[in-house]
Amino acid sequence: MSGEITKSGDDALALDFGRAWEYAPAPEATDHVTIAPRHELFVGGKWVAPRSGKYFDTINPATEDKLAEVAEADERDVDDAVQAARRAYDRVWSKMPGKERAKYVFRIARALQEKARELAIVESLDGGKPIKESRDVDLPLAAAHFFYHAGWADKLDYAFHGRAWRPLGVAGQIIPWNFPLLMAAWKIAPAIACGNTVVLKPAETTPLTALLLARIVEEAGLPPGVVNVVTGAGATGAALASHPGVDKVAFTGSTDVGKRIQRAVAGTKKKLTLELGGKAANVVFADAPLDQAVEGIVNGIYFNQGHVCCAGSRLLVEESVHDLVVRKLTDRIATLRVGDPLDKNTDVGAINSKMQLDKIRQLVAAGEEEGAERHTAPCALPSRGYFFPPTFFTGVAQSSRIAREEIFGPVLSVLTFRTPDEAIEKANNTMYGLSAGIWTDKGAKIFWMAQRLKAGVVWGNTYNKFDPSSPFGGYKESGFGREGGRQGLSAYTELA
Amino acid sequence: MTTRRTLEKERTETETENGTALPDGASRSMTHAEGANGFDPAARLSVAKAYKMFVGGAFVRSESGRYFQVRGEADGNADPDVVNVPRGSRKDARDAVLAAKGAADSWAARTAFNRGQILYRLAEVMESRREELQTALERGGVSGAEASREVATAIDRAVYYAGFCDKFQALVATSNPVAGPHFGFSVPEPMGVVAVVAPQRPALLGLVSTVLPVLAGANTCVVVAGTDDPRTAVVWCECLATSDLPGGVVNVLTGQASEIAPHLAKHREVFAMDVWSADADLRAAVEREGSGNVKRVRTHDESDAAKLTGETGQGLGFIERFLETKTVWHPVGV
């Protein structure tokens, strides 16, 4: 390597490899993956055309090329799916012993592992996320979620301290586009393990892996109607949430839509869980191992292009190390590789949709207008597709839009604090409460902070870690209910 | 005169005077118009109690100046036939939320052991005011035997939750066996301010069964007492006030739930609601309004309160409903 050490900033040293550190393209081969040109609805174990005959396109956000067309379910299709789920619940699934349900769910887990490469590629094609994330995070976690919950199916008598439990019935589940397959797994696995049947509505920009999952469900031989997938946009989701035959609504998405769903189910007997937005504080103390903290900051905000509800989008840095952290962060984001999601070297892929890209641009413009200082990675962006360079703002006021609103993109707001009390005050000064991060060398300080942060998930000296055995979900306007762990089973059971 | 013993003593005196037993619970001392001979100018006039709401540790009237009237049944001497009870307003509700919010951090910061001690102290005070609580229930129309049973169950339930304060954590928390070099655990935390619309009946046991698990879970609360028997609620507040419960941890409003509850549902500092004895309209209203801050809303219909009287009226589930789960991760390594 012909690297040399150069000055970057006042005293921090950065390695400058010039052109010696450029990467050759390393694209994941896609030749064994075929995406069908048209996808129907999966209802009652059959692939059916939408009653309206309407289809919509799903595109590759990295190229803007059409990948396939997908059925648009209307109220009649949703009704068919809910009825199929009801029949499956009444006739088969609610009566099946837990140990038999478990084996079906284990089959799904195994098939996900067997088809992992195909699913990872389709996930990156349809959603724009880097293949290394689809391959190393989304797919292993999705399979693990089915594997984990399969094992609960015949042990639920232990789960609730001896209280009698029963499944809820038909679950209507609406999921977002940031982790399309993983969110489907988070929803379907606990629901069917606990004896419910489901109608799943994937996001309109990322329907393909949920449909491949439906294929797995079909191939695993699940009784028809236990899992149904209806594709479409907001209207399809609204039809599902408001269908009187649905006993349970589970939604992951924006706080705004979550509130609308909560209003829509008011006065019904439907059970509801919501996993909504976030504006997580990632708190860095002066005594933290700063290089590790910078890795955590980068992982916290630029993982999955920042399309993460628990993203560490507000960096709170102890004032004495602010300038040093900012320099380290500036150097680090200059090394992030932005581009082709299918390239195995890519760190930051494509923004999921034109609409989301516009929203990110709008909020970044608001940050500039409000006087914050913008720092953007000096990277070339592909000429086609939806991309946004890793960006952060310094000098951000708590009242600024970029400190309050969820941007859901690779944009970080940096604020400072002087005392732990001030850090808590600022961290909790948000309507959200999904997650938080703490970086410090002091064990007692981590626990002190963790007790006071109003957030459902707190990462100490790490960030963005997920596991099916670990309950995930928010405080305050980040929603209610938990997914994962023993606690997550309550979302799909009624206790005596 | 407010204790059973005093009442019984007075009844005996009356019997001696008139030579006949009086109907059980007949009013004897609220006016001088007593006995067969009409007014007795020498008799002692008892002092009637003004019934007030309990907010921030103080007994207050409604800021609105409004009241509603409750008639006494089997009056037992303590009250006039009709008493005026404050009719809580939207502003009263907001004041109560402020008090509950102000008390939330310090209540949650106490040790679980200390919260248990305080709830046990409440049980002690309820036991010492047993007769008063029973009389209050009887005035509200409950028979003597029933009232006695209800008070006993309510005191036992206070003891039950006192002992639960430092136990439920071990039952609901988990160590999470994550697939990686991390130590992960999930612990319960309070939600913050919880609004409780208390069941109409049972008046005392309903309050105890819905409020104490909220407190055991380290939440503070704003309670709307039922309109059927608000006097018992106020007497219970006197127990709260003389136990070691810090002011603001429990705030009790009297008035119309249908008027107050939707305001509490809209309030952004209220994080959860538990609504009992509500008709379909009120249930829908609080569920709808609660969406403004993604409130955790539990509603129960009119028949559900009956389950509170027996063993089904207490348990871990009552505490668990108003707990958040916080999951913490940390790397493991050297």
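Me: Two strands count as paired if DSSP finds at least two bridges between them. In this predicted model, which residue of β13(A) stands opposite A:Val249?

Reply: Happy to walk through it. Strand β12 (residues 248-252) of chain A and strand β13 (residues 271-275) of chain A pair in the parallel sense, over five bridges. Across from A:Val249 in β13(A) stands A:Leu272.

Me: And which residue of β9 has A:Val249 as its bridge partner in β12(A)?

Reply: Strand β9 (residues 170-174) of chain A is joined to β12(A) by four bridges. Those two strands run parallel. The residue of β9(A) whose bridge partner is A:Val249 is A:Gly172.

Me: How many of the five residues of β12(A) are buried?

Reply: Let's take the two faces in turn. On one side, A:Lys248, A:Ala250 and A:Thr252 are buried. On the other side, A:Val249 and A:Phe251 are buried too. Of the five residues of β12(A), the buried ones number five.

Me: Which helix supplies the largest share of the largest nonpolar core?

Reply: This core has 163 residues, and those touching the most other members are A:Val105, A:Leu112, A:Val283, A:Val284 and A:Leu316. The largest share is eleven residues, and it comes from helix α6 (residues 180-193) of chain A.

Me: Leaving out residues up to four places away in sequence, which tryptophan does A:Val283 touch?

Reply: With those sequence neighbours set aside, the contacts of A:Val283 include A:Leu316, A:Ala423, A:Ala427 and A:Met449. Also among them are A:Ala436, A:Gly437 and A:Ile438. The tryptophan that A:Val283 touches is A:Trp439.

Me: Is A:Asn429 buried, partly exposed or exposed?

Reply: A:Asn429 is found in the loop between α14 (420-427) and β19 (435-439) of chain A. It has 16 other C-beta atoms within 10 Å. Buried calls for 20 or more and exposed for 12 or fewer, so a count in between is partly exposed. A:Asn429 is therefore partly exposed.

Me: At which residue does helix α4 of chain A bend?

Reply: Helix α4 (residues 131-152) of chain A reaches 31 Å from its first C-alpha to its last, close to the 32 Å expected. Even so, there is a bend of about 25 degrees, and A:Pro140 follows within four residues of it. The bend is at A:Asp138.

Me: Which elements stand at the edges of the open sheet β3-β7-β6 (chain A)?

Reply: The three strands follow the order β3-β7-β6, with mixed pairing. Six bridges join β6(A) to β7 (residues 65-71), which run antiparallel; within this pair, A:Tyr55 has A:Ala71 as its partner. Two strands have a single partner strand each, so one side of each is left without a neighbour in the sheet. The edge strands are β3 (38-39) and β6 (55-60) of chain A.

Me: Which element gives the most residues to the side of chain A that touches chain B?

Reply: In total, 38 residues of chain A are in contact with 28 residues of chain B. Elements that each supply at least two residues include α15 (443-452), β20 (457-460) and α16 (485-488) of chain A. With five residues, the element giving the most is α9(A).

Me: Which residue of chain B stands opposite A:Val458?

Reply: The chains are linked by strands here: β20(A) and strand β12 (residues 323-331) of chain B run parallel and are joined by three bridges. Opposite A:Val458, in β12(B), stands B:Val328.

Notes. Residues numbered from 1 in each chain as written. Chains lettered and ligands numbered in written order. Predicted model: local features only at pLDDT ≥ 70, side-chain atom pairs only at ≥ 80, totals over all residues. Core = buried A, V, L, I, M, F, W, Y, C linked by C-beta atoms within 7 Å. Contact = placed C-beta atoms within 7 Å. Expected span 1.5 Å × (residues − 1). Bend = angle between axes of the 7 residues up to and from the residue.
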